[in-house]
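Subject: Handover of a structure and the findings so far

Dear colleague,

Please find below the structure that I am handing over to you. My findings follow it, grouped by topic.

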Amino acid sequence: KIWIIRFVQPDMDEPALLRMLVLSRNITYDRSWDISLRLEGKPGARNIAENKPVAEFLERLPSFCPQGLSHRQKQQLDLFSGDIRKTDWELPEGFETISFDLLGIQNKPWSPPKSKRMAVVTPFLTEGALEWLRKQTDKIEAVISRPEEIDKLKTETDQLAEKWFTLDDAAQSEDG
C-alpha cells in the first residue's frame, strides 16, 4: 500500500517534490493496527541505490494491469520511477538511513537485512518467526503485538526481545 504523489509548480524550473506514503491498513473491518510512513524529497542529479526497489516496482506495475496502460500513463509512470531513483528522502527524526524491501516483486523469499537493532510490530506472532528474526539482528529491542498472541508463546520466548508491548483494545487513533 504505497502512494506516491508528485508535486510540481507550473512555470517554475525546480525539481518536483515527491511524497511517498507507505500504509499498512487493509480495506476491511478488522481491528489490525495501522502503521504509516511519510517521506518527502526532491530528485537530484544521481541515482540513489536505496531507491532502486521502489523504482523497479513502479516499472513493473504495467505487467499487473490486464488492459495495459495508455501511452500517457506509461510516460507518467516512467517520470515517477525516474524521479524516485534520484530522490533524496528527508528521514524522520532519529533515522540515519533508509532501505526498501518490496515483498512479492522478486521471485525469492524475503529476509530482512542484517541489523544491529530491530523492532518487531505484528498482529500475528510465533516462536519460530521470532527465532528466525533474532538470527537476522544483534538485538530485538521490542516486540509489539496483540495480548492474545503474546500469551500463546512459551515462557522462554521472552528472552528473544528486550521489551514486550501490547496495545490496549480501547486505544483509538486521533481520527477514530
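How many bridges join strand 3 to strand 4, and do the two run parallel or antiparallel? Strand 3 is joined to strand 4 by 4 bridges, and the two run antiparallel. Please bear in mind throughout that this is a predicted model.

**The strands**

Within the pairing of strands 3 and 4, glycine 41 has tryptophan 89, in strand 4, as its bridge partner. Strand 3, which covers residues 36–43, is also joined to strand 2, residues 17–23. This second pairing has 6 bridges and is likewise antiparallel. Here leucine 21 has arginine 38 of strand 3 as its bridge partner.

Arginine 38 appears again in a salt bridge, where its side chain meets that of glutamate 40 at 2.9 Å, N to O. What is the relative accessible area of glutamate 40, and is the residue buried or exposed? Its value is 15%, and glutamate 40 is therefore buried, since buried means under 20%. Arginine 38, at 52% relative accessibility, counts as exposed, because the limit for that class is over 50%. This salt bridge thus joins a buried residue to an exposed one. As general background, side chains in a regular strand alternate between the two faces of the sheet.

**Helix 2**

Helix 2 consists of 15 residues, 71–85. From its first C-alpha to its last it reaches 21 Å, close to the 21 Å expected at 1.5 Å a residue. Its buried residues are Leu77, Ser81, Asp83 and Ile84. Seen down the helix axis, these buried residues fall within an arc of 165 degrees, so they line one face of helix 2. The face turned away from that buried side carries the exposed residues His71 and Arg72.

A salt bridge also lies within this helix: lysine 74 pairs with aspartate 78, and their closest N and O atoms are 2.8 Å apart. Why are the two separated by about one helical turn? The reason is that lysine 74 and aspartate 78 are 4 residues apart in helix 2. In general, an α-helix has 3.6 residues a turn, so residues three or four places apart point the same way. Lysine 74 is partly exposed, at 35% relative accessible area, and aspartate 78 is partly exposed too, at 38%.

**Other salt bridges**

The count of salt bridges comes to 11. One of them links arginine 6 with aspartate 83, with 2.6 Å between the closest N and O atoms. Arginine 6 lies in strand 1 (residues 2–7) and aspartate 83 in helix 2, so this pair ties together parts that are 77 residues apart in sequence. Arginine 6 is partly exposed, with a relative accessible area of 27%, whereas aspartate 83 counts as buried at 13%. Elsewhere, Arg146, Glu148, Glu149 and Lys152 are linked in a network of salt bridges.

**A nonpolar surface patch**

Finally, Leu103, Trp110 and Trp132 make a nonpolar surface patch of about 340 Å². Where is tryptophan 110 placed? It is in the loop between strand 4 (87–90) and strand 5 (118–121). Tryptophan 110 counts as partly exposed, at 40% relative accessibility, because that class lies between the limits of 20% and 50%.

Yours sincerely

Methods
Residues numbered from 1 in each chain as written. Predicted model: local features only at pLDDT ≥ 70, side-chain atom pairs only at ≥ 80, totals over all residues. Heavy atoms only, no water. Patch = residues over 30% accessible without salt bridge, like charges linked within 9 Å, V, L, I, M, F, W, Y side chains within 5 Å. Areas by Shrake-Rupley, 256 points an atom, 1.4 Å probe, with all protein chains shown as cover. Salt bridge = Lys/Arg side-chain N within 4 Å of Asp/Glu carboxyl O. Buried < 20%, exposed > 50% of the residue type's maximum accessible area, 1.4 Å probe, protein only. Pairing = 2+ DSSP bridges. Expected span 1.5 Å × (residues − 1). Arc of directions from axis to C-beta.
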